[in-house]
Amino acid sequence: MDTAIERALRCGARGNLWGVLGLQRGASAEAARGALRAVRVATHPDRNRGSAATEAAATEAAKWVARAAEVLTDPERRGAYVDAGHSLAAYDEAMAAEVEAETRKRQRAEDEKEERKAKKQRREAAVEEDKARREAARQGMSGETTQAAREAARSETVREARAEAQAEAGKAQANRRSKAA
């Protein structure tokens, strides 16, 4: 019969976290917690002092025990490990894919937020251009200034304001002609 250290090293190398704790696959969370305490004590490097090889083996075994505890005592991680076929490599791949998907989702949300911000800034700029054009039309500015204001307001969101400014510019021109005549 092998020691807890030997079992933890052997099972850990295979990716069998149940074996690291000395349990059968699918053992309950309570059984995992109970076995965890005993295995932690048995594989702790301070309890296994002696030769450098023994301490190194105990340290490595303790790492596998910590990994088993991390996965098997958390219900979500435990479920992912079971879904991965009790394979640590498949579990790690699934977790990496999940992290990557979450990162992409977060990046999409940030991109959408930036797009909304840019769209809002464009709308505000269009409104400001429209205000400037209307003010220019009210003050009866020259044709070149009015033309420049019309060109600045070509966006669809201010199409209605542009038509109004053109009408006001035409009225101002007609007024100047009638005064000149």
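This is a short tour of the chain, one selection at a time.

**Before you start**

The model is predicted, so local features need pLDDT of at least 70 and side-chain atom pairs count only at pLDDT 80 or more, while totals for chains, interfaces and linings use all residues. Residues are numbered from 1 along each chain as its sequence is written, and side-chain values use heavy atoms, with hydrogens and water left out.

**Stop 1: the whole chain**

Show the cartoon for the full chain. You should find eight helices and zero strands, giving the pattern α-α-α-α-α-α-α-α along the sequence. Both kinds of element are DSSP runs numbered from the N terminus: helices are H or I with at least four residues, strands are E with at least two. Of the 181 residues, 27% count as buried; buried means under 20% relative accessible area, exposed over 50% and partly exposed in between, with a 1.4 Å probe and protein chains only. Among contacts (heavy atoms within 4.5 Å) with a separation of 6 or more, 56% join residues 24 or more positions apart.

**Stop 2: helix 3**

Now select residues 29-43, which form helix 3 and number 15. From first C-alpha to last, helix 3 reaches 20 Å, close to the expected 21 Å; that expectation is 1.5 Å times one less than the number of residues. Which residues of helix 3 are buried? Colour Ala32, Ala35, Leu36, Val39 and Thr43 to see them. An α-helix has 3.6 residues a turn, so residues three or four places apart point the same way. To see what the buried residues of helix 3 pack against, add helix 1 (4-14), helix 2 (17-20), helix 4 (52-72) and helix 5 (75-83).

**Stop 3: helix 4 against helix 5**

Keep helices 4 and 5 on screen. Their axes are 6 Å apart and the packing angle is about 100 degrees. Axes here are lines fitted to C-alpha atoms, for helices over the stretch in contact, and angles run from 0 to 180 degrees between N-to-C directions. The pair is therefore roughly perpendicular, given that angles under 35 degrees count as roughly parallel, over 145 as roughly antiparallel, 65 to 115 as roughly perpendicular and the rest as oblique. Show side chains for Glu70, Val71 and Leu72 of helix 4 and Arg77, Arg78 and Tyr81 of helix 5, which make the contact.

**Stop 4: helix 5 against helix 6**

Next, add helix 6, residues 88-138. The axes of helix 5 and helix 6 come within 8 Å and cross at roughly 120 degrees, which means that helix 5 is oblique to helix 6. Select Arg77, Ala80 and Tyr81 in helix 5, then Leu88, Tyr91 and Met95 in helix 6, to see where the two meet.

**Stop 5: the loop with His86**

Zoom in between helix 5 and helix 6, where His86 sits in the loop. Is His86 buried or exposed? Its relative accessibility is 17%, so His86 counts as buried. Although His86 is not a glycine, its phi is positive, at about 60 degrees.

**Stop 6: helix 4 against helix 6**

Finish by hiding helix 5. Helix 4 and helix 6 pack at about 55 degrees with their axes 13 Å apart, and are therefore oblique to each other. Trp64, Arg67 and Val71 on helix 4 meet Leu88, Tyr91 and Asp92 on helix 6.
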